[in-house]
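Reader: Hi! I've got a new model open and would love some company while I look through it. Can we go over it together?
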Amino acid sequence: EFGLSYSSVGLLATVTAIAGGIILPFAGYLTDKIGCKKLIIYGLVVLLIGQVLFAVAPNFVILLLARIFAGIGVGILIVAPYTIVVHWFSSSNAVGLGMGTMLSSDGIGTLVATYGFSIFFITLGWRMSTLVSCVVIIIMLILCAIYLKESPTFKVNTSLRMDKPTLGRLLTNRNAISG
């Protein structure tokens, strides 16, 4: 439809990944500052904006902007859901079980979504399939707003700062580096 080259399509994927990668440390910071539930909802909203923009984009620039929004939303949705699992399972000393369950269901969900949405893309086209994904995101937003709860052990960290000394400590921490 837009006459895109392989490089242009690759750029769409690249800006999504770069935006997601850049937002990751900030998403972690915001998770501690405002809570996982709020950030998951914000992440779904940003992802929804990206998907809607992508579905209705009249030109390549809007496609790029849409993928940036989607990358930010995905980056947030990588950090906040895993953090909420850690919060819920840390008091029971079963973080490994919680993370293992989440990672396995994440992989299964990705597998199902990849093949499920490929059927939509083949039968409905990319614009309508993207709108279908918007419906899925809206359903997830509603379910998260209703059912998702912060862990009783979570406390908003009002003293956490995103400054040079804090970043320096994080970037020189052996466990952070190995991760």
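Reader: Let's start with Ile 142. Which helix does it lie in?

Author: Happy to help! This is a predicted model, and in it Ile 142 lies in helix 5, which covers residues 126–147.

Reader: And is Ile 142 buried or exposed?

Author: In between: Ile 142 counts as partly exposed because its relative accessibility is 47%.

Reader: Which residues form a nonpolar patch with it on the surface?

Author: Ile 142 shares the patch with Val 135, Ile 138, Ile 139, Leu 143, Ile 146 and Tyr 147. Together they have about 690 Å² of accessible area.

Reader: OK, switching to pockets. What volume does the largest pocket have?

Author: About 1,100 Å³. The lining has 32 residues, and Leu 47, Leu 77, Asp 106, Ala 113 and Met 140 lie nearest the centre.

Reader: Which helix gives the most to that lining?

Author: Helix 4, with 9 residues. Helix 2 (36–56), helix 3 (60–90), helix 4 (95–124) and helix 5 each supply at least two.

Reader: How do the lining residues divide into nonpolar, polar and charged?

Author: There are 21 nonpolar, 9 polar and 2 charged residues in the lining of the largest pocket.

Reader: Last topic: how many salt bridges does a search of the whole structure find?

Author: The search finds 1. The side chains of Arg 127 and Glu 1 meet there, at 2.5 Å from N to O. Arg 127 lies in helix 5 and Glu 1 in the segment before helix 1 (6–34), so the pair ties together parts that are 126 residues apart in sequence.

Reader: How exposed is Glu 1?

Author: Glu 1 counts as exposed, at 71% relative accessibility, while Arg 127 counts as partly exposed, at 22%.

How values were computed:
Residues numbered from 1 in each chain as written. Predicted model: local features only at pLDDT ≥ 70, side-chain atom pairs only at ≥ 80, totals over all residues. Heavy atoms only, no water. Patch = residues over 30% accessible without salt bridge, like charges linked within 9 Å, V, L, I, M, F, W, Y side chains within 5 Å. Areas by Shrake-Rupley, 256 points an atom, 1.4 Å probe, with all protein chains shown as cover. Salt bridge = Lys/Arg side-chain N within 4 Å of Asp/Glu carboxyl O. Helix = DSSP H or I, 4+ residues; strand = E, 2+ residues; numbered from the N terminus. Buried < 20%, exposed > 50% of the residue type's maximum accessible area, 1.4 Å probe, protein only. 1 Å grid on protein atoms, 1.4 Å probe; cavity = no way out; pocket = protein on both sides within 12 Å on 5 of 7 lines; lining within 4 Å. Points joined across faces, edges and corners; volume = space filled by probe spheres on them. Nonpolar A, V, L, I, M, F, W, Y, C, P; charged D, E, K, R; others polar.
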